[in-house]
Amino acid sequence: MDKIRIRGGHALNGKIQIGGAKNAALPLMAASLLTEETLKLAPMPHLADITTMVNLLGQHGVKVVLNGEGQNGGSAGRALSLTADDVSSVTAPYDLVRKMRASVLVLGPLLARFGKAVVSLPGGCAIGSRPVDLHLKGLSQLGAEVEVEGGYIHASAPQGLIGGRVVFPQISVGATENLLMAAALARGESRLENAAREPEIANLAECLIAMGAQIDGVGSDTLVVQGVTELHGAEHAVMGDRIEAGTYAIAAAITGGSLDLDGARLAHFDAVAGVLREAGVTVEQRNGGVFVSRANHALVGVDVMTEPFPGFATDLQAQTMALMTVADGASMITETIFENRFMHVPELRRMGASINLHGGSAMVRGVDRLTGAQVMASDLRASASLVLAGLAAEGETLINRVYHLDRGYERLEEKLAGVGADIERVEAAE
Ligand code: UD1
């Protein structure tokens, strides 16, 4: 299993190209199931989760073609063409769904277009139990019959889905996306209230509109959809990855460097920018990207609470905690979205961090320096926090189980090495 070795203490300076967003690309790919015509998406990030979705869609019978090369020899500019003109199976099997929760996003489109879908329940994951009850309840409110049996969701609507009012009792990104795709092909009007407002949902809505869907309220918490009988093909731009951008912004901050994040949009991580500024970091929109710098400034501890967008993203909580471990003073970090998203805490402690957990909050007391250690990645964003800590630590950090990182960060070690980090992937003989 590969490991990542980092020798810390180098300020990062230069430019990093931000890729297409994983969390936008996955629902967009699922949306290809809504039409028999071709949906073309670019730029597609080259990530393990995208490959899992390609395999899942391929298994349903979707034809998938990957074109083009990205900049700097990478794949950031690649386009994916998806054609669901001959869907042979409406079943999403356990073997694929268990690898990635976002697989459940095929449920809404399959049900809306074919009147039937059988999708494995995703099961738990490292950051919590993560049920899909909101997806299922919402689809029943559009007239679907939904049963769970033998670990599978069996959903049917032989006469098609019927528009309805869905008031989400709790904000869910995935449930909003599933319902939005389903409502696009339902008969009549659907209102999705208390919908999630993450930019990835607006990106999906814009794609659906390009495919012929009628959606009002894009970007707000109430989406009103007039169902249409069919959708058509389209070409759509995948938004830049705001979590990747936020992670590299923290890399600049934790190493006391300056980075231009090409293709990032400040409007997509306002809350994070606010925290970074309060901590003493310069963050501004500049030259088609975001400029982040902490040259010559001390870091100050700031309290952080995760919330649905436009609040502070839970997907940047672990990385922000790494930053706060070396800030002056204390920082209270409260996680409100997932119940078990502190797996990075014991690993950061192994590097010398001072962190106490109290339920859903972590009290971080800044230390003068972290020291390199062998650490274990537990999930995608926790792994990123260990990389950031390693970049700032004295000595060598060896991160095990880096396959978690490959799910969501394209060419991470190459991008960081390009701006001055001493980082390499080592193929461990096991
Ligand atoms: C998406 C993101 C993930 C991010 C999360 C929160 C993708 C592919 N993944 O995940 O990176 O961390 O949003 O911003 O876009 N919940 C229920 N019942 C449900 C659905 C959700 O109780 O049916 C709970 C979850 O357990 C969690 C909270 O609602 O506590 C928010 O989850 P949700 O917004 O649905 O996250 P995902 O869409 O899975």
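This is a short tour of a predicted model, stop by stop, with what to select at each one.

**Stop 1: strand S23**

Select residues 396-400, which make up strand S23. Is this strand mostly enclosed or open? Of its 5 residues, 4 are buried, so the rest of the structure largely encloses it.

Now bring in its partners. Add residues 2-7, strand S1, which pairs with S23 in the antiparallel sense over 4 bridges. To find the register, click on Arg5: its bridge partner in S23 is Leu398. Then add residues 374-376, strand S22, which pairs with S23 in the parallel sense over 3 bridges. Here the pair to look for is Met376 opposite Asn400. Follow the chain from S22 through helix H12 (residues 380-392) into S23, and you trace a right-handed β-α-β crossover.

**Stop 2: Thr247**

Next, select Thr247, in helix H8 (residues 242-255). Its relative accessible area is 2%, so it counts as buried. What does Thr247 touch, once neighbours within four places in sequence are set aside? Show Leu316, Gln319, Ala384, Leu388 and Tyr409, and you have its contacts.

**Stop 3: helix H2**

Move to residues 48-60, helix H2. Try a distance between its end C-alpha atoms: they are 19 Å apart, which agrees with the 18 Å that 13 residues should span at 1.5 Å a residue.

Colour Asp49, Ile50, Thr52, Met53, Leu56, Leu57 and His60, the buried residues of this helix. Turn the view to look down the axis of H2; the coloured residues fall within an arc of 155°, so they line one face. Which elements cover that face? Among them are helix H1 (22-31), strand S5 (79-83), strand S6 (91-92), helix H3 (94-97) and helix H4 (107-114). Just after H2 comes Gly61, with a positive phi near 110°.

**Stop 4: the nonpolar cores**

Stay on Met53 for a moment. Apart from residues up to four places away in sequence, Met53 touches Leu26, Met29, Ala30, Met100, Ala102, Ser103 and Val106. Zoom out from there to the largest nonpolar core, which has 76 residues. The members that touch the most others are Met29, Leu34, Met53, Val106, Leu161, Leu180 and Leu208. For a second, separate core of 70 residues, select Ala279, Leu299, Ala313 and Ala327, which are included in it.

**Stop 5: unusual backbone spots**

A bit of background for this stop: most peptide bonds are trans, and most residues other than glycine have a negative phi. Here are some exceptions to click on.

- Ala42 to Pro43: this peptide bond is cis, with omega near -5°. Pro43 sits in the loop between strand S3 (38-42) and helix H2.
- Phe309 to Pro310: another cis bond, with omega near 10°. Look for Pro310 in the loop between strand S18 (304-305) and helix H10 (317-324).
- Asn194: not a glycine, yet its phi is positive, at about 60°. Find it in the loop between strand S11 (189-193) and helix H7 (199-210).
- Asn287: a residue other than glycine with a positive phi, near 45°. It lies in the loop between strands S16 (282-286) and S17 (289-293).

Before you leave, switch on the surface for the two asparagines. Asn194 has 27% relative accessibility, so it counts as partly exposed. Asn287, with a relative accessible area of 67%, is exposed.

How values were computed. Residues numbered from 1 in each chain as written. Predicted model: local features only at pLDDT ≥ 70, side-chain atom pairs only at ≥ 80, totals over all residues. Heavy atoms only, no water. Buried < 20%, exposed > 50% of the residue type's maximum accessible area, 1.4 Å probe, protein only. Helix = DSSP H or I, 4+ residues; strand = E, 2+ residues; numbered from the N terminus. Pairing = 2+ DSSP bridges. Right-handed = clockwise from strand over helix to strand, strands pointing away. Contact = heavy atoms within 4.5 Å. Core = buried A, V, L, I, M, F, W, Y, C linked by side-chain atoms within 4.5 Å. Expected span 1.5 Å × (residues − 1). Arc of directions from axis to C-beta.
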